[in-house]
Amino acid sequence: MCGLIGFISKKSVSKDLINQMLLSLHHRGPDANNYYFDHRFNLFLGHTRLSILDVSDNANQPIISKNKRFVMIFNGEIYNFKKLKKILNNKFTINWKSHGDTEVLIYCIEKFGFLETLKLIEGMFAIVVYDIKLQKIYIARDKFGEKPIYFGNSNGKFYFSSELKAIIKDNQFYKEIDRNSVRYLMSYNYIPSPLSIFKNIFKLKHGHYIQINLNKFDFHNKSFNQIKYTNNDLKNYTTNNDFENNKKLLKDLIFTSVENKLESDVEVGSFLSSGIDSSTITSVMTKVSQKKIQTFSLGYQDNYFDESRQSQQTAKFLGTYHHNINFDLNDASDLILNLSKIFCEPFSDSSQIPTLYLSKETSKYVKVCFSGDGGDELFGGYNRYINSQLIHDMYVKKRSVKGFLINLMGTRKFDYFFNFLLKLNNFYPDNFKIHNMIQKSENIVNALNEKNIYQMYLAINQHWNYNEFVTTNHNKDLFSEYWNDNLEYLENIMKLDLNTYLPDDLLVKVDRASMAYSLEVRNPFLDENILNFAENIPMNQKIKNNKGKIILRSLLEDLIPKELIQNQKKGFLFPVRSILTNQLNSWAEKLINKDVIKSHGLFEYDEVLKEWNLLKKGKVNNEYKLWDILVFQDWYLKYFS
C-alpha cells in the first residue's frame with residue numbers, strides 16, 4: 001500500500017509544502033517517498049511507498065513510462081499482473097527492471113491506453129496518471145472502493161490525495177464544512193461518496209475515473225466499472241438452483257481468489273474472528289499457502305463483546321500460529337484521542353477502535369493481512385437483513401399492528417410487547433437479537449411510519465434524524481440511485497450496502513486503521529468473479545429460514561467442524577457506553593461544550609445535552625448518537641481551533 005498526493009496550481013508552490021504533504025502520508029508508505037514536478041502547470045505528483053511486491057528501489061514511484069509519455073503514481077495491488085505481464089511479453093519486447101505490479105501497470109497504460117488498461121486490471125487501487133502528450137490527468141478508483149482518493153478545487157489549486165490530511169497541510173486550502181455531509185454523518189456515522197466533510201473536495205466513487213484537462217483546469221467524472229445489481233446488467237454465469245453444484249463453484253472461486261491475493265514478498269497473515277467470513281478465508285489460506293499462516297484475533301474481558309475463545313479453537317484446528325490480542329479499555333483512550341488525526345474527516349463507526357488496536361498489534365508481526373470483508377454484503381450475513389425483512393413484512397401486510405405499535409411509541413412497554421408479538425405470531429427467529437433493543441424501538445416505529453419501503457429501510461438504520469437535527473437547504477439523496485423498485489426487498493438492501501456501506505464505511509475504516517500502522521489488508525471476497533456468482537444464485541441460497549449466508553455456512557462446514565461455526569453474529573462491537581461513563585468521561589464532558597457547539601451552529605445544544613445527561617444517569621438512550629457528536633466535536637476542535 002502507498003500514499004498518493006498531488007495538485008495542479010495556478011500559482012508557484014514551495015518545496016517546503018511538497019515535503020510537508022509527503023510527510024503527512026508517511027504512515028501509508030514508510031519505505032520510500034519521491035515526487036515528480038512539471039513547472040509548466042505547477043503539477044506535483046507525490047508518492048509514499050509501503051513495499052510489498054518487489055521491495056527493491058526498482059519499484060519506487062512516481063514511475064515514468066518507457067516512451068516518456070506517462071507518469072504514474074499508484075496505490076494498491078494488481079492481482080492479475082503476472083497474466084498481464086505474459087500478454088505484454090507475447091506482444092512486445094520488454095526489458096523488465098522489476099518483478100512487481102507497478103511496472104506492468106505503466107507498460108499496460110503505455111501500450112494499451114489508460115481506459116483499456118482499466119478494463120484489463122483486477123485488484124484494489126487508486127491510480128493517478130499524467131499524460132504529458134495530451135496534457136491530461138486521469139484518476140481512477142477500483143470497483144469495490146478498497147483504496148481511497150479525494151479530489152477537488154480550492155484557491156487556485158486542484159488537489160488529489162489518498163487522505164485529506166495531506167491537502168489540509170496547504171495553508172491556502174480553504175476549510176469550509178459541508179453541512180450536507182454532517183447530516184449524513186449524524187444519521188449513518190459516515191460520509192458517503194462523493195461527499196467529504198469539506199465543500200469542493202470530493203471522494204472519487206468506486207468504479208469511477210475522472211479526466212482533468214490541464215489547460216482548462218476542469219474535469220469530467222465517469223463510471224468505468226460500477227457495481228450493478230439489476231437483472232439486465234448481470235454477466236452470464238454458470239449457476240443454477242443446484243445447491244451442491246453452486247457450493248462447489250463458490251469453493252473454487254474462493255480458493256482461486258485467495259491464491260491470487262497471496263502474492264507477496266513479505267509476511268502475510270489473517271484476521272480471525274469467530275465469524276463465518278474470516279474463518280472461511282483463513283481455512284482456505286491454510287490449504288493454499290506454502291507457509292504456516294499467522295492469525296490474529298481480539299479479546300475483551302467482557303464476555304458479551306469477546307469472540308477470542310472461539311477463534312482460538314478455530315486457529316488450533318487449522319494449525320495456525322495464533323496471536324490472541326487482549327484489548328483493555330484503558331488502552332483505547334490513546335487511540336480515541338488520535339481518531340481525528342487518523343481518519344482526518346469525522347467518521348463515527350465505533351468499531352474503528354477495535355480495528356485500530358487489532359491493526360496496531362498485527363503490524364508488529366506482518367505487513368499484509370487478509371480479512372473477510374464483503375462476505376456479509378454478498379451472501380446476506382447481517383442480522384439487520386433478517387430483522388428488517390420482518391419489519392418490511394409488518395409495514396406491507398400488518399397495518400393494524402403497525403398502527404398499534406405507533407400508539408405504543410415512547411413507552412417502555414413497547415420493547416416487551418414487540419418481542420411478545422413476534423413470538424405470538426410464530427415468526428420469531430432464533431437470531432432476531434437486536435443489540436440495545438429498547439434504544440432501537442423508536443427507529444422501528446419511525447420506519448413503520450415512512451411513506452415508502454426505501455425510506456422505511458433508511459429510517460431503520462438512522463442514528464439522529466438528520467432532517468431535524470442539522471439545518472441545511474440541500475436535500476439531495478445520495479443513496480436513491482442504488483435503489484430499484486423492481487427488485488425484491490432483500491436484493492435491494494444488499495445492493496445498497498454494496499454501493500454505500502461497504503465502500504464508504506467498512507472499507508474506509510479498514511483502510512485508515514490498517515494504514516495508520518503501515519499494514520496492508522486484502523479482501524478475497526471482493527473479487528469480480530465472486531460478485532458475479534453471488535448476484536446470480538437464488539436468494540434462498542443466501543438467506544433462508546431466518547439465517548444468512550446459507551451457502552457460505554455450508555461450505556465452511558466442509559472445512560472445519562460444525563461446532564466451531566458461530567450461529568449468532570456479533571459483529572465488531574465496542575462498549576461505547578462503558579468507556580464514555582468511565583475512562584473517557586472527562587474527554588466527553590469537554591467536547592459537549594455549549595460555546596463550541598454554538599460556534600459552528602450545526603447542532604441543537606439542548607438535544608445533545610439531553611442525550612449526555614441520560615447516559616450519565618444510566619437511563620435508556622442511544623450511546624451511538626452521542627458517539628457521532630463526540631467524534632465530530634473532537635475533529636472540529638482539532639482542525640478549526
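This report describes two sheets and some of the helices that pack on them in a predicted model.

**The antiparallel sheet**

Strands of a sheet pair through backbone hydrogen bonds, either parallel or antiparallel. One sheet of this model is open, has 6 strands and shows antiparallel pairing, in the order β2-β3-β1-β9-β8-β10. Its edges are formed by β2 (32-38) and β10 (201-203), each of which pairs on one side only. On average, neighbouring strands here are turned by 10 degrees against each other, direction ignored.

Within this sheet, β1 (residues 2-9) and β3 (residues 43-49) run antiparallel and are joined by 7 bridges. Isoleucine 5 has glycine 46 in β3 as its bridge partner. Helix α1 (residues 15-24) packs on the sheet and touches β1, β2, β3 and β9 (157-161). The direction of α1 makes about 140 degrees with that of β2.

**The parallel sheet**

Another open sheet consists of 5 strands with parallel pairing, ordered β15-β14-β13-β16-β17. Here the edge strands are β15 (321-326) and β17 (520-522), and each pairs on one side only. From one strand to the next, the twist averages 30 degrees.

Strand β14 (residues 294-299) runs parallel to β15, and 6 bridges join the two. Serine 297 stands opposite asparagine 324 in β15.

The two strand pairs with bridge counts are set out below.

| Strand pair | Direction | Bridges |
|---|---|---|
| β1 and β3 | antiparallel | 7 bridges |
| β14 and β15 | parallel | 6 bridges |

**Helix α12 and its contacts**

Helix α12 (residues 352-362) lies across four strands of the parallel sheet: β13 (268-271), β14, β15 and β16 (368-370). Relative to β14, α12 runs at about 140 degrees.

Helix α12 also meets helix α21 (residues 501-515): their axes come within 8 Å and cross at roughly 35 degrees. This crossing of α12 and α21 is right-handed. On the α12 side, Gln352, Thr355, Leu356 and Ser359 make the contact, and on the α21 side Lys509, Val510, Ala513 and Ser514 do so. By type, the residues of this contact of α12 with α21 are 3 nonpolar, 4 polar and 1 charged.

Helix α12 thus has contacts of two kinds, with strands including β14 and β15 and with helix α21.

Key. Residues are numbered from 1 along each chain as its sequence is written. This is a predicted model: local features need pLDDT of at least 70, side-chain atom pairs count only at pLDDT 80 or more; totals for chains, interfaces and linings use all residues. Side-chain values use heavy atoms; hydrogens and water are left out. Two strands pair if DSSP finds at least two bridges between them. Axes are lines fitted to C-alpha atoms, for helices over the stretch in contact, and angles run from 0 to 180 degrees between N-to-C directions. Contact means heavy atoms within 4.5 Å. A crossing is left-handed if the near helix is turned anticlockwise from the far one by less than a right angle, and right-handed if clockwise. Ala, Val, Leu, Ile, Met, Phe, Trp, Tyr, Cys and Pro count as nonpolar, Asp, Glu, Lys and Arg as charged, and the others, Gly among them, as polar.
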